[in-house]
Amino acid sequence: MTEAESPLVEASPTRDATLAASDVVLKAVGLTKRFGAVVALRGIDMQLRRGEVLGLVGDNGAGKSTLVKILCGFHPPDTGKIYVEGKEVSFRSVADARSLGIETVYQDLALVPQLTVAQNLFLNRELTLFGKVGWLSAGKMRQLAKDYLEDIKVEIPDIDAEAESLSGGQRQAIAVARATRQNAKILLLDEPLAAMGARESALIVDLVKDLSRNRGVSMIVIDHNYTHLFELCDRLNVIQQGRIALDQQVKDTTVEELTTFMVSEYRRELAAGQQLLEQ
Amino acid sequence: MRQTPAPKGRGSVAYRLVQRAMQQRELTVVLVTLFVIIYFGSVNSAFYTTANIITVCQYLASIAVIAFGEVLILSLGEIDLSAGAVYLSSPWFLYLFWHSGMPIGWAIVASMACCAGVGMINGLITVWLNVSSLIVTLAVNYVLFGFVLIESNDIQVDMPGQTGHFSIIFGVGAWSTTLWAAVMMLAIWALLKRTRFGLHVTATGGNLLAAAESGIRVRRVKVWCFIIISAASGLIGILDAIRIGSINPGSSGLDTVLPGIVAAVVGGTALTGGRGTIVGAALGAIFLGVLEDGFNLIGVNANWFYLAEGVMILVAMVANTQLGIVARRFRR
Ligand SMILES: Nc1ncnc2c1ncn2[C@@H]1O[C@H](COP(=O)(O)OP(=O)(O)OP(=O)(O)O)[C@@H](O)[C@H]1O
Ligand SMILES: [Mg+2]
């Protein structure tokens, strides 16, 4: 039995243990996922603590995005369990995860090119009148969108512009803003800085840091840029071939060490392949 | 940087008016429709008589309603080729219910339900069995046609419900079908442009994955749109049949649905999803209606009719894309 399933653990006598158990806001146990013949995840065990920023590192196709899409309710896992604040959950949809305070920035940004900035910011959580009829409060959403973007100092030339007409970085900023606007408890950020210039990167890094330090938001950040990761994260998990291969506090490691680790795996594979060929 | 002054002339009222106009996707269809109206009006003064206007409106009401439905469907990135067959078979549903002893009012309700059912089948097969809606609705088009042929034995029948106030409201009144079409236009416009559902239609057609990732139930949205177009086509089909007085099982429905799709697309709705305009579709239907009526009025040889219509549609669409290129410079 895992600690999260057992109420006894939470009531355990030592204060440290209590803290540790209740401090885990998100936990995955044995997650697997295949897409046809492709095995994307082979058994992911990981946990995320309150206010912690966890970086996910891995090669292309390692399964990072798949993991995030399972944690946010987009994909159901094939096997394995997810716990949010100690309770086992089973998401039937993205909306289920959202209702528990899990917000996501997808790698593909999930913006609709034909909708305006404001419409994208409020996509599927539109403010409406008359309940079920769903009459849009377009003016109010537009104003709130404008205010929020100004608040976080994201510069978009025109709030009524269609997402299509924005630059790649601007689009990414919109996608990030959409997630951060929601007072989420848990943020899942899949390469949130990939298309951003230096100024915008710094802006988003500051925003994200502020959310974790001052609001206690927990996050998982995927990024291929180690400098960003070391700046942002408290802890790093390396995913290799659908498994967590390394779990390391950032303060206990360096960019060089991580690079060596990532490359050495590749070297090992290369060597193994060579051996196979020679036999 | 932001304070760069606007180039001279760009701030003028005239420029801003042009800019406003150019930003409307419906601009081309407004222009070509105005053009054909003015042209036919100047060639034959009978064009502007009330009787002729009623004829045009009665002709285009069904095209318009099917076009409104197609705007929803095209906005989703799907297509519905069965709407014409639904339009033609719904009066047969009505006739069969009525023939079996149902009061006419209930027969209308029951046949509308059948049409909605057809739409639901279109939608469910499309989204759950992952078959292209083009093929699904084409197949359903033929199924409905076959059903009508079998049930009617290929014999024309008189429509029930042709007397009294009832008939005036449901089709027989000179403006009845036009008013019904106008009401449906308002309803579908509001649905698409002013409600959450409509926004989700645009999102689903604009970027299916993004819509799904945002938690929009894209399949449900699609099925509902197929239900709406079928119900709307079925209703206008019943009204037209009551207006005309008889129904005959002669055509497969493609000749009815294609003008609806043309009206929608000429009006500025994208075939690729994410962009739909109901106002444009109404104008597109007027364009086609005026074209048909105008050629009749000026007595174009029947052999030339389709050729002329085809050329005009091409002209309208080419104008659409060309103007679109110019208009992009004026868009923000
Ligand atoms: N919807 C899908 N259908 C089929 N296969 C998929 C799907 N999504 C992911 N995969 C496969 O699963 C594996 C993991 O993909 P994933 O997107 O999780 O990788 P990633 O670690 O995010 O890579 P990257 O760094 O390139 O973003 C890949 O082999 C990919 O081809
Ligand atoms: Mg990825």
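This is a short talk about chain B of a predicted model, with a brief stop in chain A.

Okay, hi everyone. Keep in mind as we go that what you see is a predicted model.

Let's start with the whole of chain B. What does its secondary structure come to? Chain B has 14 helices and two strands. Its radius of gyration is 21 Å, and the globule rule gives 20 Å for 332 residues, which is close, so chain B is as compact as a globular protein of that length. If you draw a box around its C-alpha atoms along the principal axes, you get roughly 75 × 55 × 35 Å.

Now, the inside and the outside. Of the 332 residues in chain B, 52% are buried. If you take the contacts in chain B with a separation of 6 or more, 79% of them are between residues 24 or more positions apart. On the outside, the accessible surface of chain B is about 15,400 Å², and carbon and sulfur atoms account for 67% of that. And the charges? Chain B has 19 positive and 13 negative ones, and the mean positions of the two sets are 26 Å apart.

Next up, aromatic rings. A quick reminder: we describe a pair of rings by the distance of the centres and the angle of the planes. How many aromatic pairs does the structure hold over all chains? Twelve. One of them is B:Phe47 with B:Tyr48, with 5.4 Å from centre to centre and 80° between the planes, which makes the pair edge-to-face. These two are neighbours on the chain, but look at their surroundings. B:Phe47 is buried, at 7% relative accessible area, whereas B:Tyr48 is partly exposed, at 47%.

Now compare B:Phe166 and B:Phe170. Why is this pair stacked? Because the ring centres are 4.7 Å apart and the planes are at 25°, and planes under 30 degrees apart count as stacked. Both residues belong to helix α7 of chain B, residues 164-172, and being four residues apart there, they are separated by about one helical turn. B:Phe166 is partly exposed, with 23% relative accessible area. B:Phe170, at 19%, counts as buried, since the cut-off for buried is under 20%.

There's also a cluster to look for. Ring pairs link B:Phe35, B:Tyr39, B:Phe40, B:Phe295, B:Phe305 and B:Tyr306.

Let's move to the backbone. Most residues other than glycine have a negative phi. Here are two residues with a positive one. A:Gln241, our stop in chain A, has phi near 50° and is not a glycine. You'll find A:Gln241 in the loop between β11 (235-240) and β12 (243-249), and it is partly exposed at 47% relative accessibility. Back in chain B, B:Asp154 has a phi of about 60°, and it isn't a glycine either. B:Asp154 is in the loop between α6 (133-152) and β1 (157-158). Is B:Asp154 buried or exposed? Exposed, at 54% relative accessibility.

Last one: B:Pro160, in the loop between β1 and α7. This residue is buried, with 4% relative accessibility. Which residues is B:Pro160 in contact with, leaving aside neighbours within four places in sequence? They are B:Tyr95, B:Trp98, B:Ile104 and B:Ile242. Also, B:Pro160 and B:Ala241 are 81 residues apart in sequence, but their C-alpha atoms are 9.3 Å apart in space.

That's it from me. Thanks for listening!

Methods:
Residues numbered from 1 in each chain as written. Chains lettered and ligands numbered in written order. Predicted model: local features only at pLDDT ≥ 70, side-chain atom pairs only at ≥ 80, totals over all residues. Heavy atoms only, no water. Rg over C-alpha atoms; globule rule 2.2 N^0.38 Å. Buried < 20%, exposed > 50% of the residue type's maximum accessible area, 1.4 Å probe, protein only. Contact = heavy atoms within 4.5 Å. Areas by Shrake-Rupley, 256 points an atom, 1.4 Å probe, with all protein chains shown as cover. Lys, Arg positive; Asp, Glu negative; His and termini not counted. Charge placed at Lys NZ, Arg CZ, Asp CG, Glu CD. Phe/Tyr/Trp six-rings, centres within 6.5 Å; stacked < 30°, edge-to-face > 60°.
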